[in-house]
Every structure is written in C-alpha cells, then in structure tokens.
Amino acid sequence: MPARRVFVTGMGFLTPHGDRAERVFERIYRGEAAVSFRRYGKGALTFDVPVAIPEWRSDEESGPLPRRVTDPVAHMAYVAARQALSQAGLVDAPRVLSQAAVYMGCSLGGARSNEEGLSVYLDLVAGGRSRIRPATVPRVMANAPAAHISMGFGIRGPSQTYSVACASSAMAIGEAYRAVRDGYLDCVVTGGAEAMLCDGTLATWNALGVLATPHPDGAGASVRPFDRARTGFAIGEGAVVLVLEAEGAARARGATLLGEIVGYGASSDAFNLTEPAVDGQVRSMRAALGDAGIGPSAVGYVNAHATATLAGDIVEIRAIKEAFGPHARRLAVSSTKSMHGHLVGAAGALELGITLLALAAGRVPPTANLTDPDPECDLDCVPLHGREVPDLEYAISNSFGFGGANVSLLVRRAPT
C-alpha cells in the first residue's frame with residue numbers, strides 16, 4: 001500500500017496557558033510566562049521551585065470512572081481528548097472510534113497517587129493506618145491516560161503508552177503517524193499527559209539541580225533558554241491530545257484539516273543517562289527530513305527542545321547547525337518552554353501543537369526572557385517578541401529526553 005497523507009483534525013489543550021488552543025497560542029505568541037515559584041515539601045524538607053500550573057477546572061468533567069480510581073494525569077488526558085475529538089467532530093462517532101486507536105505518552109504516571117500510596121504505607125508500618133487504597137495501582141499506572149481515553153470514548157483499537165522521559169508524547173505521535181501513514185489505522189487519538197507537581201517528585205527534580213533559580217525581574221523571567229543567565233527550567237503539567245486521520249478518511253467526512261505530519265525521526269544517543277549528545281539529535285532531525293523527502297532549506301522554523309540548562313541548549317544549537325548546514329542561519333528557532341515550562345511526558349505534544357498553530361497563523365512564537373544571548377547559541381532564537389512569517393510552510397518540533405531518546409516531528413501547514 002502506498003504511503004498515505006496524515007492530517008491533524010482535532011487538538012485538545014489543557015496547559016499552564018489555558019484550555020483553548022487558540023488562546024494558548026496567543027498568550028505564548030505575546031511572550032506571556034506562566035511560571036511561578038511555589039513552596040513544596042514538609043517539615044524540615046521544604047523548598048521553593050519554579051512550576052507552571054495548568055489552568056482548568058477539575059470538576060468540569062468526571063471522565064469514564066469515579067475520581068477515587070482516577071489520578072489527575074488520567075483526568076487531564078480525558079478532558080484534553082474530549083476537546084480534540086469534539087473539534088474533529090468525532091465525539092459521537094462510534095463507527096469511527098470503535099476502529100480507532102489510542103497512542104499516548106506519559107513519563108511518570110500517577111505521581112500524586114504514587115506518593116500518597118507510599119505515605120499510607122509508611123503510616124501503616126508506623127501503626128498510624130490500617131488500610132491502603134485498593135485503587136492505588138490503577139491510579140499509578142503510566143498507561144492510565146490511554147486507558148481512560150479508550151474507555152471514555154469507546155476506542156477499541158490498540159491502546160499504547162510510550163514512556164521515554166521528555167520525548168514520550170513526541171514518540172507516541174510519531175508512531176501514531178506511522179500507523180496511519182502505512183495503512184494500519186485510519187484514526188489515532190494521540191498525545192501526552194503529565195502531572196507531577198507534588199512534594200516527593202519535585203524534591204527529586206530539585207535535587208537533580210536542573211530547575212531554574214529566581215530571577216531579579218520575577219518568576220516569569222526565571223526560565224531563559226539560550227541566554228547567558230539561564231539556570232534551568234520550570235516543571236509544568238497538563239495534557240495535549242491530537243486526532244490524526246488518514247487523508248481519505250478525513251476528507252470523506254468533511255473534517256477540517258489543521259495541519260499535516262510529514263516526517264518523523266527517532267534516535268538514541270547511546271551516550272549518557274542525563275547528558276545530551278549532538279550526534280543523536282542530528283540523527284533524529286535528519287531522519288525526519290528524510291522521512292518527509294524534503295531538503296533542509298524547506299524548513300522555516302524549529303520549536304527547540306531547549307530547556308534552559310547550561311549544556312543542553314548549546315548541544316541542540318550545535319545539532320541544528322549540523323543537521324541543517326548553511327540553512328541553519330536562516331531558520332527561526334525558539335523555545336516556548338520559556339513560558340509554559342517543561343511538561344516532561346506531555347512536552348512534545350504541547351510543543352507540536354504550538355508549532356501547528358504557528359504554521360496556521362504564519363507567526364512564530366518567541367523565546368521569552370532572551371535578553372543576553374549566549375555566544376554559543378548564535379542562531380536566530382527569536383528573542384522576546386513573536387514574528388510574522390506569512391510564507392511559513394514546514395516546521396520541526398524537537399523533543400529530547402533522559403536516557404538519550406531523541407524525536408523530531410516535521411509538520412506542514414494545512415492546505416487552503
């Protein structure tokens with residue numbers, strides 16, 4: 001079977017900038033940071049960390065199961081999926097959904113439920129409690145977001161979860177794209193969810209030394225990718241879900257085409273558990289270009305993974321230069337993590353969604369807080385202000401994770 005074109009027909013956002021895609025993009029395009037510093041921990045172990053908290057009302061939609069068996073990570077995934085399916089016109093389409101699949105990314109699973117279960121266990125050992133919640137295991141499972149989407153909407157095809165740290169949702173989307181392109185499926189609900197804003201998990205991130213420190217200009221100025229004064233990132237949480245469909249199926253039912261996925265590249269650094277490597281990132285970008293069958297000069301924008309760590313930003317800039325050659329100097333490169341934080345397992349889905357919206361609008365979002373560029377980050381990193389790029393047709397979204405997992409997704413503006 002010849003390769004089929006794959007289009008995005010629905011997007012659901014539940015993010016630190018809100019739960020409506022267009023509103024999220026407008027705020028990010030204006031350079032609005034959703035980062036704040038909050039105190040976490042208990043007793044002697046308390047600490048202030050930068051976080052990006054999603055804007056949503058958790059009481060709006062209950063999902064397919066009672067709250068007692070649903071961690072926030074699955075609840076948010078369900079809400080975002082309903083948005084995406086509603087935009088795609090598929091919420092009440094059992095014939096389509098019964099043949100569809102769910103491919104979701106999630107790095108940690110139900111972090112709050114895991115922490116609560118451990119706390120109860122320790123209390124039990126100390127004689128303080130006598131019963132552990134039976135629903136702890138299904139709340140903790142990393143595949144809970146995919147399972148709740150499947151159950152909530154009657155999606156009976158394969159239900160898959162990808163857990164490759166910060167590249168989780170990007171890989172889920174890439175594999176969903178392949179499944180549709182190669183004729184295995186006509187429709188996949190895909191994306192990512194993460195909810196790790198809890199004491200124990202944030203304590204471990206804080207100990208790792210990768211979180212941003214406060215900036216004199218305020219919390220919103222603390223995450224500074226590509227800047228000399230960068231100190232790290234903010235942990236965010238949320239969920240972003242996309243509906244991918246084969247062109248024939250989408251056009252047959254009159255679906256609105258929001259953008260096209262045309263290339264997917266994945267690689268492993270095989271180098272270090274936490275340090276990135278230029279070679280692996282180059283491989284993923286070149287693989288995406290090769291998969292799409294286009295040259296580097298066709299791409300106009302890169303939504304960088306750049307997390308505002310000292311080593312990571314430089315490595316990615318070097319990789320972009322090597323992957324794109326002389327054209328790298330003509331690329332617009334920005335890191336929207338400067339505003340929405342790092343959603344870890346949901347990061348790739350959010351950043352791809354932003355990239356698709358940028359293509360549709362012909363506008364590139366900025367790197368917020370980039371006032372003093374690092375000399376080694378010497379590409380056009382779109383400092384401070386978004387930019388009109390009306391002829392923008394192709395863009396790449398990069399996601400690179402601990403363990404050396406690299407994913408690059410290449411997308412094209414939807415046909416008019």
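Visitor: What makes β2 and β3 a pair of strands?
Guide: It's a matter of counting bridges. Two strands pair if there are at least two bridges between them, and in this predicted model β2 and β3 (residues 45–52) have seven, so they pair, in the antiparallel sense. Look along them and you'll find F37 opposite P50 in β3.

Visitor: Which strands belong to the open sheet, and in what order?
Guide: The sheet has three strands, ordered β2-β3-β7, and the pairing is mixed.

Visitor: Why are β2 and β7 called edge strands?
Guide: Each of them pairs on one side only; you'll spot β2 at 36–42 and β7 at 235–236.

Visitor: Which helix lies across β2, β3 and β7?
Guide: That's α8, residues 199–208, and α8 runs at about 85° to β3.

Visitor: Now the cysteines. Why is C166 not bonded to C106?
Guide: A disulfide is a covalent bond between the sulfur atoms of two cysteines. The cut-off is 2.5 Å, but the closest cysteine sulfur to that of C166 is in C106, 12 Å away, so that's too far for a bond. C198 is in no disulfide either: its nearest cysteine sulfur, that of C106, is 12 Å away. By this rule, the count of disulfides comes to zero.

Visitor: How do you know whether C166 is buried or exposed?
Guide: Buried means under 20% relative accessible area. C166 has 5%, so C166 is buried.

Visitor: And what makes C198 count as buried or exposed?
Guide: Try the cut-off again: C198 is at 7% relative accessibility, which is under 20%, so C198 counts as buried.

Definitions and conventions. Residues numbered from 1 in each chain as written. Predicted model: local features only at pLDDT ≥ 70, side-chain atom pairs only at ≥ 80, totals over all residues. Heavy atoms only, no water. Buried < 20%, exposed > 50% of the residue type's maximum accessible area, 1.4 Å probe, protein only. Helix = DSSP H or I, 4+ residues; strand = E, 2+ residues; numbered from the N terminus. Contact = heavy atoms within 4.5 Å. Axes fitted to C-alpha atoms, helices over the stretch in contact; angles between N-to-C directions.
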